[in-house]
Structure formats: C-alpha cells, structure tokens
Amino acid sequence: MSSSNSTFQPSSSSSIPDKNSSPQSIRRKHVPWTTHTIRQLKLVLPGWAITYYLGTLHNFWYILQGNGGSWAQTAALASSGLGITTVALFIYVLLIPWLTGEEPNYQTWRDSGILSSVIPVLTGSIVFGWLLSVSTMGQFSNLGYIKGTIGVSAFYALTFGILGLIPVPRVTRKTKI
C-alpha cells in the first residue's frame, strides 16, 4: 500500500461539522418518513410487547395508588413527575423552531442559549426518572429488580419511540439560536 493511499481524508459529504465551518454550512441528511418510521417502530413494538408482557404499567399503577405504602407512593409520584418533565422537555425541544422561528443547531447545543439550558435538565430528568422508576419497581412491586429494570427500560424505549414519531416543524429562516 502506498503512503498516499494510507492517509485518511474525510468525505466531502460528511455531516460532521468542521471547526472552521459555520453552523449554516452543516448539511442535514434527509431521511424518508417511511425509513424514519420503521426505525422508530423498532423501539415502539418491542417496548410495547415487553411492557405489556411484564405488566409494568399495571404494577406501577398499583404502587402509584398507594398499595405499596406511603414511601412507595411517594417514589412513584416523583418518578411520574420526572417522566412528565422528560416528555414535556422533549416536546419543547422539538417545538423550538416553531416557537422561536429559528432553526437551532442541535449538533452544537452547548453554544445555544436555549438548548444549553434545556438539554442538561432533559438529560437529568431522563437519568433520575429511570433510576427512580427502576428502584421503585424493584423495591415495591412483585417484578423485582431484574424484571423491573427490563420493564422500565422497555417503557422508556416505547415512550422515546413514540416521541420520535412526532414530526419536527420546519422553519423558513434557518439561523442558529
């Protein structure tokens, strides 16, 4: 192999931003809606099947109604609150272009005024909500920790799969927030 062929040169069609490139120069790959829907259904269908098979929602509802004691109910309420926060923030991030009239650059979210505040809170609500849900299901349901972890993870996959099916609104002006 010659030395001229052994060096790596990135393709010009790469969507990874160069340090010297402006946010407007980043090209987005268009994915047909059928391909996108099939990708999301790979989360939705197994998530639904596992959630249904394990009875995750039934067990969680049982705890939420206070049948596991006051600590269990408090943990379930806090977990539900974090789940609702996650969904609300995720939808907010999807609707930012429509609400502000500007297309955010999600790849450089740390440089964005809005995204740099919302993304860490969203990440925290996902992580802590999942951990609290797993702990609640493991401690206070008949699923135990292993099945509780699988059930909560399946429900999260189902939820994110459904949220991923929400179309992102397009804005005519494409500027970075």
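In the predicted model, Leu143 is in contact with Leu54, Thr56, Asn59, Met137 and Gly148, residues up to four places away in sequence being left out of the list. Leu143 also belongs to the largest nonpolar core, a set of 11 residues. Leu54 and Met137, two of the residues touched by Leu143, are likewise members of this core, together with Phe60, Ile63, Leu64, Ala72, Ala76, Val134, Val152 and Tyr156. At least two core residues come from each of helix H2 (56-64), H3, helix H4 (115-140) and H5. The greatest contribution to this core is that of H2, with 3 residues. A further core of 7 residues lies apart from it, and includes Ile96, Val118, Ile119 and Leu122.

These cores are set within a protein of 5 helices and 0 strands, arranged along the sequence in the pattern α-α-α-α-α. Of the 177 residues in the protein, 31% are buried. Contacts between residues at least 6 apart in sequence join residues at least 24 apart in 69% of cases. The exposed area of the protein is about 11600 Å², of which 65% is supplied by carbon and sulfur atoms.

Confidence in the prediction was considered next. The protein has a mean pLDDT of 82, with 79% of its residues at 70 or more. For residues 1-26 the pLDDT is below 50, and this stretch has 15 contacts in the model beyond near neighbours in sequence.

Helix H3 spans residues 70-100 and contains Thr86. With a relative accessible area of 4%, Thr86 is classed as buried, because this value is under 20%. Apart from neighbours within four places in sequence, the contacts of Thr86 are Leu122, Ser125, Ile126 and Phe160. Of these contacts, Leu122 is also a member of the core of 7 residues, whereas Phe160 takes part in an aromatic cluster with Phe90 and Tyr156.

The structure holds 3 aromatic pairs. In one of them, the ring centres of Trp48 and Tyr52 are 5.6 Å apart and the ring planes meet at 15 degrees, so the pair is stacked. Both residues of this pair are in helix H1 (residues 33-54), where a spacing of 4 residues places them about one turn of the helix apart. Tyr52 has a relative accessible area of 63% and is therefore exposed.

Another pair is formed by Tyr156 and Phe160, with ring centres 5.9 Å apart and planes at 65 degrees, so this pair is edge-to-face. Tyr156 and Phe160 lie in helix H5 (residues 144-164) and are separated by about one helical turn, because they are 4 residues apart. The relative accessible area of Tyr156 is 13%, so Tyr156 is buried. Phe160, at 22%, is partly exposed. Tyr156 thus appears both in the aromatic cluster with Phe90 and Phe160 and in the core of 11 residues, while Phe160 is also in contact with Thr86 of helix H3.

Key
Residues are numbered from 1 along each chain as its sequence is written. This is a predicted model: local features need pLDDT of at least 70, side-chain atom pairs count only at pLDDT 80 or more; totals for chains, interfaces and linings use all residues. Side-chain values use heavy atoms; hydrogens and water are left out. pLDDT is the predictor's confidence in each residue, from 0 to 100. Contact means heavy atoms within 4.5 Å. Buried means under 20% relative accessible area, exposed over 50%, partly exposed in between (1.4 Å probe, protein chains only). Accessible areas come from the Shrake-Rupley method with a 1.4 Å probe; for residues, only the protein chains shown count as cover. Rings of Phe, Tyr and Trp (its six-membered ring) pair if their centres lie within 6.5 Å; planes under 30 degrees apart count as stacked, over 60 as edge-to-face and the rest as tilted. A nonpolar core is a set of buried Ala, Val, Leu, Ile, Met, Phe, Trp, Tyr and Cys residues joined through side-chain atoms within 4.5 Å.
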